[in-house]
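Me: Could we go through the charged pairs in this one together? I'd like short reasoning with each answer.

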Amino acid sequence: MTDFFDIQRFGRLLRAHWAESWREYAWFFGALVGLDLVVMVLTVSLDGLRSNYQFTYGGQAFWYMTGLWGSALIFAWRHFKYLQNPGACLIALMRPGSVFEKWLMAFLVIGILYPLTYSLLYVAIHYPVIQLAKAVTENLTVCEHCSKDFRFFFPFVTTSNATGVEETHLTQAFSFLLLSFAQALVAGGAVYFRRSPVLRTVLATFFLGILTLLMGIAPQTGIFMRDYRYTEDYIYTPMEYALSIGLWVGVPVLLWIALYFHIREREVA
């Protein structure tokens with residue numbers, strides 16, 4: 001069991017990874033913050049900080065999830081980018097630590113720490129801007145925007161059923177399950193494909209999507225999102241609930257497990 005997981009060895013592995021990567025992490029998040037500020041300034045300059053969609057609850061949710069998805073997938077690939085460099089790859093694979101510990105480090109950094117850090121940065125940057133937009137809107141002489149919802153969006157803390165926005169805890173959970181699915185898929189592709197991993201992962205995902213469409217599968221069916229073929233008052237059976245949970249929880253789990261075996265194969269090779 002010690003060869004499989006050792007807490008002290010895992011701690012040394014994390015410290016070594018942080019010592020080598022903190023500058024790259026700082027650069028990545030700095031670029032992300034800079035891009036976010038540029039987009040925000042452009043939005044404000046075009047709209048004059050009025051109560052536009054970008055600063056309402058629905059706009060915040062779209063802004064948050066778009067930024068998280070785009071940056072999280074890039075971050076997931078960059079975690080294993082050293083595998084494209086034979087020298088760096090050899091050093092990293094020889095670093096003391098079992099395959100499970102290296103997999104666990106990837107899961108913690110990619111799947112947990114990154115979304116948490118992104119969320120904290122999002123709050124720090126966007127909260128004051130949303131409050132400013134709300135104050136400006138309330139002082140407008142024309143009251144056409146007064147009905148806008150300026151509650152601050154934060155996953156699993158606030159939800160809304162306003163017009164055009166159908167945010168619930170289940171749909172938010174569904175979004176994060178899909179994100180975990182995509183992160184595991186990208187990270188697995190970065191490890192599995194030794195040449196052109198980004199291109200091959202994109203192509204594999206594309207053909208998988210085409211195959212799913214041709215088979216007529218409706219992956220949105222279930223407790224997270226209703227199937228478009230059913231009416232709103234359709235009652236799902238216990239079996240349909242079980243299949244839905246098995247699909248959307250099981251697939252990300254299987255992909256993360258596959259990443260473990262991909263890492264082991266690269267280490268053996």
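**Salt bridges in a predicted model**

Reply: Sure. This is a predicted model. E24 has 26% relative accessibility, so it counts as partly exposed.

Me: Which residues are linked with E24 in a network of salt bridges?

Reply: The side chain of E24 meets that of R78 at 2.7 Å, N to O. Another salt bridge joins E24 to K81, at 3.8 Å; that still falls within the 4 Å cut-off. E24 takes part in both pairs, and the network's other members are R78 and K81.

Me: How many residues apart in sequence are E24 and R78?

Reply: The two side chains form a salt bridge. E24 sits in helix α1 and R78 in helix α2 (residues 57-78), so the pair ties together parts whose separation in sequence is 54 residues.

Me: Is R9 buried or exposed?

Reply: R9 pairs with E101 in a salt bridge, with the closest N and O atoms 2.9 Å apart. That links helix α1 to helix α4, across 92 residues. R9 has a relative accessibility of 16%, and the cut-off for buried is under 20%, so R9 counts as buried.

Me: What is the relative accessible area of E101?

Reply: E101 is found in helix α4 (residues 99-138). Contacts of E101 include F4, F5, F10 and L13, and its side chain also reaches the backbone nitrogen of D6 at 2.6 Å. E101 is buried, and its relative accessible area is 0%.

Me: How many salt bridges does the structure hold?

Reply: One is E101 with R9. E24 pairs with R78 and also with K81. The total for the structure is 3.

Conventions. Residues numbered from 1 in each chain as written. Predicted model: local features only at pLDDT ≥ 70, side-chain atom pairs only at ≥ 80, totals over all residues. Heavy atoms only, no water. Helix = DSSP H or I, 4+ residues; strand = E, 2+ residues; numbered from the N terminus. Buried < 20%, exposed > 50% of the residue type's maximum accessible area, 1.4 Å probe, protein only. Polar contact = N/O pair within 3.5 Å; in protein donor to acceptor, adjacent residues only side chain to side chain. Contact = heavy atoms within 4.5 Å. Lists of a residue's contacts leave out its neighbours within four places in sequence.
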